[in-house]
Amino acid sequence: MTTAAIALRPGERGAPPRPLPSTPEQRSVLLQFDDNALLPLLYGEHDRHLARIEQRLGVRLGSRGNRLTIAGPPERTEVAEAALRALWRRLEQGQGVSVADVEAALRMAEGEAENDPRLPLQDIPQIRTRKAAIAPRSPAQAAYIDLLARHEMVFGVGPAGTGKTYLAVAQGVALLQAGRVDRIVLSRPAVEAGERLGFLPGDMKEKVDPYLRPLYDALHDMLPAEQVVRRIASGEIEIAPLAFMRGRTLAHCFAILDEAQNTTPAQMKMFLTRMGEGTRMVITGDPTQVDLPGGQRSGLAEALRILDGVQGIGTARFDERDVVRHPLVARIVAAYGREDAAAQGRTEGQGAESPGRRGKKDQDGTGK
């Protein structure tokens, strides 16, 4: 068994490992921390952070005083060590560590260990607003933030809970506060998710607000409530259904089209061609959750096909590994993905027997 002793001090990467006699199947790493006051925050209440790392990676963690031992398969201990290093750096910088931060550190460490091409390893990007610095919680989020900084038009495609809309709103707020855009325009198609809500009371704003609520929620995480109200009143932040975009030119703004899988091809083309001078656009959606009436193609799926390879357009793709909500959400997404794949296989098999039938991919344009 290999044992590596590492003393973590503020601002240091740690001493080189000290090899001892070993077996190739197991490795042991000893971490020694200098600030005992931070250890309860690192370990979590009743050591729940350590328990989560053990459960996720299949390693054994043992703490005594200011020392922590990691034992297990070499590749798994490497991931645990990298995650603990990252969490310790957060604490040194005065930031807290929550269960979500532990999950994020594990995802990032696993991405590094697997040399995930979506992860910019040299400099993990952040979105900095005046209220907070927003760091990526998965390799795909790191790649997405990088695309948002470099491209004028970005597509964020993947399942619910991967942070596509949240990070896009954060980037828009950061650019607005830095004076690089004059306003933020947030839009969604007003399509119900399977229900028929019928008549909604109130004026136009009150009628469309239920569809745009997730965008308001993201804004309130980035800005104080009074600023959100003031900026909406002044027009610096505009939240409008997609139907109101026709005929406009969006100049010097940051425009976000959310739930883009529920656009028709004509609506998508209309929105993309609103782009004016000094404008950046982000289009987010989940091609597996199309709420359009049966038989209508998704404008998002068609745009991804037509615009593939067009210079100046970046595409970030997420999957169930990047879900940053409750861990159960990732398992739910994966289970539905397996069912969709099986259904597609059955449909294709039936199509082979009945040449006149169309598969799901042709019917709804999702490509699934």
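pLDDT is the predictor's confidence in each residue, on a scale from 0 to 100. For this predicted model, the chain averages a pLDDT of 79, with 77% of the residues at 70 or more. Residues 1-22 fall below 50, and this stretch makes 53 contacts in the model beyond near neighbours in sequence. Residues 354-368 also stay under 50 in pLDDT, with 24 contacts beyond four places in sequence.

As for the overall makeup, the chain holds 12 helices and 12 strands. It runs to 368 residues, 45% of which count as buried. Among contacts with a separation of 6 or more, 69% are between residues 24 or more positions apart. The accessible surface adds up to about 19,000 Å², and carbon and sulfur atoms supply 50% of that.

A good place to start inside the fold is strand E7 (153-157). Five of its five residues are buried, so E7 is largely enclosed by the rest of the structure. Both faces of this strand are covered, with Met-153, Phe-155 and Val-157 buried on one side and Val-154 and Gly-156 buried on the other. E7 pairs with E11 in the parallel sense, over five bridges. It also pairs with strand E12 (residues 313-317), again parallel and over five bridges. Val-157 shows up in both pairings: its bridge partner in E11 is Gly-285, and in E12 it stands opposite Arg-317.

Strand E11 (280-285) is mostly covered too, with six of its six residues buried. On one side sit Arg-280, Val-282 and Thr-284, on the other Met-281, Ile-283 and Gly-285, and both of these faces are covered. Besides its pairing with E7, E11 runs parallel to E10, to which four bridges join it. One of the residue pairs here is Ile-256 with Val-282, the latter being the partner in E11.

Helix H9 (265-272) brings several of these strands together in one picture. Its buried residues are Pro-265, Met-268, Met-270, Phe-271 and Leu-272. The cover over them includes strands E7, E10 and E11, along with helix H10 (299-306).

Turning to charged side chains, the count comes to 16 salt bridges. Side chains of opposite charge can pair when their charged atoms come close. One of these bridges joins Arg-56 and Glu-110, with N and O 2.8 Å apart. The pair ties together distant parts of the chain, since Arg-56 belongs to helix H2 (residues 48-57) and Glu-110 to helix H4 (residues 99-113), 54 residues apart. The two ends are not equally covered: Arg-56 has 26% relative accessibility and is therefore partly exposed, while Glu-110, at 14%, counts as buried because the cut-off for that class is under 20%. Both residues also belong to a network of salt bridges that links Arg-52, Arg-56, Arg-76, Glu-103 and Glu-110.

Another salt bridge brings the side chains of Glu-259 and Arg-188 together, at 3.0 Å from N to O. This pair again connects distant parts of the chain: Glu-259 sits in the loop between strand E10 (253-257) and H9, whereas Arg-188 is in strand E8 (residues 183-188), 71 residues apart. Glu-259 is partly exposed, with a relative accessibility of 26%, and Arg-188 is buried at 10%.

Arg-248 and Glu-238 make a further salt bridge, whose closest N and O atoms are 2.6 Å apart. Here the partners are 10 residues apart, Glu-238 being in strand E9 (237-241) and Arg-248 in the loop between E9 and E10. Arg-248 is partly exposed, with a relative accessible area of 23%.

On the outside, Leu-328, Ile-332 and Tyr-336 form a nonpolar surface patch, with about 320 Å² of accessible area together. Leu-328 lies in helix H11 (residues 327-353). At 41% relative accessibility, Leu-328 counts as partly exposed.

Notes:
Residues are numbered from 1 along each chain as its sequence is written. This is a predicted model: local features need pLDDT of at least 70, side-chain atom pairs count only at pLDDT 80 or more; totals for chains, interfaces and linings use all residues. Side-chain values use heavy atoms; hydrogens and water are left out. A salt bridge is a side-chain nitrogen of Lys or Arg within 4 Å of a carboxyl oxygen of Asp or Glu. Helices (H or I, at least four residues) and strands (E, at least two) are DSSP runs, numbered from the N terminus. Buried means under 20% relative accessible area, exposed over 50%, partly exposed in between (1.4 Å probe, protein chains only). Contact means heavy atoms within 4.5 Å. Patches are made of residues with over 30% relative accessible area and no salt bridge: like charges are joined within 9 Å, nonpolar side chains (Val, Leu, Ile, Met, Phe, Trp, Tyr) within 5 Å. Accessible areas come from the Shrake-Rupley method with a 1.4 Å probe; for residues, only the protein chains shown count as cover. Two strands pair if DSSP finds at least two bridges between them.
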